[in-house]
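Thanks, everyone, for making the time. I would like to walk through one structure this morning, beginning with a charged pair and then moving on to the interior.

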Amino acid sequence: MNFEIKVKINRPIKDVFNYISNLANHKDMIKANIDSKQTSEGLVQVGTTMTNVAKFMGMKMEEHFIVTEYIQNRLIAKQSAPGSTFVTGDKMTLEEADDGTLLTLYVYADLKGFLKILDRILRRKVQKSLIDDMNRLKQDFESNRI
């Protein structure tokens, strides 16, 4: 399961990156997330770890992530680590766009077991949920709630 979602946010790249690179904010960015926290010390960089707890379609999932790519004000990517519910990851890239920021979210998940059987249904629900999340993020930035 792979997705690419783009949203233009009428705020400077620095503002958007500062928010998305604070891993604790991921619980507010994605509606399905219950809790997100950095589990390693120091500033976010390649090798930083985090834990994310989410609930989607009645299933509670705990994911352990490691930051695999990090370029200040340009991109942050993470992938699941051992102990996660399933193999997943995401990458958020930022680029300037008409006095604002184009945020592109790439997400992948390798479903196993009974979830693989539900792939077609889950794909639509996950994609709609992520589009809604990115549109809400845009609204929160542009209405100065962030």
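**Salt bridges and core**

Glu142 and Lys138 are joined by a salt bridge, in which the closest N and O atoms are 2.8 Å apart. Please keep in mind that this is a predicted model. The two residues lie four places apart in helix H4, so about one helical turn separates them. As for their surroundings, Glu142 is partly exposed at a relative accessible area of 32%, and Lys138 is likewise classed as partly exposed, at 22%.

In total the structure holds nine salt bridges, and I will mention two others. Arg145 and Asp140 meet through their side chains at 2.9 Å, N to O; here Arg145 is exposed, with a relative accessible area of 58%, whereas Asp140 is buried, at 17%. Asp35 and Lys37 form a further bridge, at 3.9 Å from N to O, and both ends are partly exposed, Asp35 at 29% relative accessibility and Lys37 at 44%.

Turning to the interior, the largest nonpolar core comprises 36 residues, and among those with the most contacts inside it are Leu130, Met134 and Leu137. Several elements each supply at least two residues of this core, including strand S1 (2-9), helix H1 (13-20), strand S7 (100-110) and helix H4 (119-142), and it is H4 that gives the largest share, six residues.

What is Leu130 in contact with, leaving aside its neighbours within four places in sequence? The partners are Phe3, Ile5, Ile30, Leu105 and Val107.

Key:
Residues numbered from 1 in each chain as written. Predicted model: local features only at pLDDT ≥ 70, side-chain atom pairs only at ≥ 80, totals over all residues. Heavy atoms only, no water. Core = buried A, V, L, I, M, F, W, Y, C linked by side-chain atoms within 4.5 Å. Buried < 20%, exposed > 50% of the residue type's maximum accessible area, 1.4 Å probe, protein only. Contact = heavy atoms within 4.5 Å. Salt bridge = Lys/Arg side-chain N within 4 Å of Asp/Glu carboxyl O.
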